[in-house]
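User: Hi! I'm new to this one and would like a quick tour. Could you show me what we're looking at?

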Amino acid sequence: MIEKALLLVGSPKVEQSTSASLGNYLISKLEESGTTSEKLFIHRVVNREEKVKNLLNEIEAMDLMILTFPLYVDSLPAPVIKAMELIKDNKTFLNSKKPQNFIAISNNGFPEASQNDTALKICRIFSKECGFIWKGGIAVGGGGAINGVPLLEKPGMFRNFIRGLDLVAQALKDDKEIPQEAHDFMSKKLIPDSLYRFVGNYSWKSQAKRYGVKQKIKQKLY
Amino acid sequence: MKALLLNGTLEQDSDIDKIYSSIVDKLKSKGFEIDSIILRDLNVAACQGCFDCWVKNPGECRTADDGREVAKKMVQSNLIIHFTPITFGGYSSELKKVIDRFLPTILPFFTKREGETHHLYRYQNRASIIAIGFLNNQDDEKELTFKELVHRNSLNMGAPIHDAITFSKDQNESEFFDKFNTILEKVEVKI
Ligand SMILES: Cc1cc2nc3c(=O)[nH]c(=O)nc-3n(C[C@H](O)[C@H](O)[C@H](O)COP(=O)(O)O)c2cc1C
């Protein structure tokens, strides 16, 4: 039984992020079985001393920590790395007698979920250095398709993410390994890669048009 | 020939600082114009993930701080040195804060490269990357992850030449500098 879960959201887009959509859904599934949870947004924590203290206290108290973040240049966003450095440097919770579990969810903009693998390896090493029990890394590609929308708002479109996270939640509750099937659902593509690129390119142009800079989108300033 | 050195150390450390100075000297002796930046002394906000630098103000971050200046320098360099403690297999938070801010220097448009989706480049000139990561003790898992990260970055940043060298304090310094010199020669050929 997971009594206390801590959700760490590592996106600057905070509540409106795809990271939050994925993390919130997973937490809600755990809460159905009586887990209590706490949620912190890393970008609001790392530069404030009293908030860092609170983060460390929450870590000491948790049975499960879920870190959900966007892939930034093949790795984790800088403030998330900063938080990891702070957590590692603070040893108090390493004395915690109870087993503490850790799982990471990385979502990226490119359609290939496998591009998250390096960032998830970094999470695994962090987990080991902090003495947590590594429950695995979940890779989600094409995060732009979720775009911060709560998964249950579009249950049809997001059905694979929902199924995948249901399996993840079950495995965490049963204290089992995350099954391969869960990873397969999470990395399933909504559309073929070539179509994703086509739609994406169209979308960048129309966004630039909205701001009146369509002609300047490729400008060189230096 | 311009070299931009991004020093992502979190604090002063005389052993590491000595290696850094030797790298600077080596580059100078090869005729590089040096721009050495101790990142922890800069004011660089975290990327806000807004994509304004692609669709609202193309090519420039909306945050007017030192991060903008570093992005500009990245575009104007032939070689960028990522100098960092290997942090869980990746970059330190100090180095990563400027790496995240490089987004304005590429285009939003997707293309396929080495079988994967990546972005088109905004600028013709792109710097080679030599990443130098240090550890207290040798650690294969961290070293491999670091190399993988640098390889992936080179695809996203379009580096003509890239390599990652790792060293630990228990390692022979001359071995490290031999590797550095070999890579530097490859970089020079491409400039
Ligand atoms: C600075 C920056 C760097 C990024 N680097 C990558 C990358 O290397 N690979 C990738 O697939 N997506 C990259 N992305 C895209 C994000 O991972 C993607 O938009 C993600 O869905 C955002 O999730 P969020 O809503 O949780 O913040 C990057 C985005 C930003 C702002």
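User: How many residues does each of chain B and chain A bring to the contact?

Analyst: Chain B brings 50 residues and chain A brings 46 residues. Keep in mind that this is a predicted model.

User: Got it. And what area is buried between chain B and chain A?

Analyst: About 4,500 Å² is buried between chain B and chain A, and carbon and sulfur atoms give 62% of that area.

User: How many salt bridges are found across the interface?

Analyst: The rule finds 5 salt bridges between chain B and chain A. One of them joins the side chains of B:Glu148 and A:Lys121, at 2.6 Å from N to O.

User: What about residue pairs in polar contact, how many are there between chain B and chain A?

Analyst: The count is 24 residue pairs, with both residues at pLDDT 80 or more.

User: Nice. Which parts of chain B supply at least two residues to the side that touches chain A?

Analyst: Helices α2 (52-55), α3 (66-75), α4 (93-100) and α5 (140-157) of chain B each do, and so do strands β4 (106-113) and β5 (116-121) of chain B.

User: Which one gives the most?

Analyst: That's α5(B), with 9 residues on the side of chain B that touches chain A.

User: How do the residues on that side of chain B divide into nonpolar, polar and charged?

Analyst: There are 19 nonpolar, 17 polar and 14 charged residues on the side of chain B that touches chain A.

User: Switching topic: what does the domain assignment give for chain A?

Analyst: For chain A, the assignment gives domain 1 (4-190) and domain 2 (193-222). The C-alpha centres of these domains of chain A lie 30 Å apart.

Methods
Residues numbered from 1 in each chain as written. Chains lettered and ligands numbered in written order. Predicted model: local features only at pLDDT ≥ 70, side-chain atom pairs only at ≥ 80, totals over all residues. Heavy atoms only, no water. Contact = heavy atoms within 4.5 Å. Buried area = accessible area lost by both parts, 1.4 Å probe. Salt bridge = Lys/Arg side-chain N within 4 Å of Asp/Glu carboxyl O. Polar contact = N/O pair within 3.5 Å; in protein donor to acceptor, adjacent residues only side chain to side chain. Helix = DSSP H or I, 4+ residues; strand = E, 2+ residues; numbered from the N terminus. Nonpolar A, V, L, I, M, F, W, Y, C, P; charged D, E, K, R; others polar. Domains from an automatic or database assignment.
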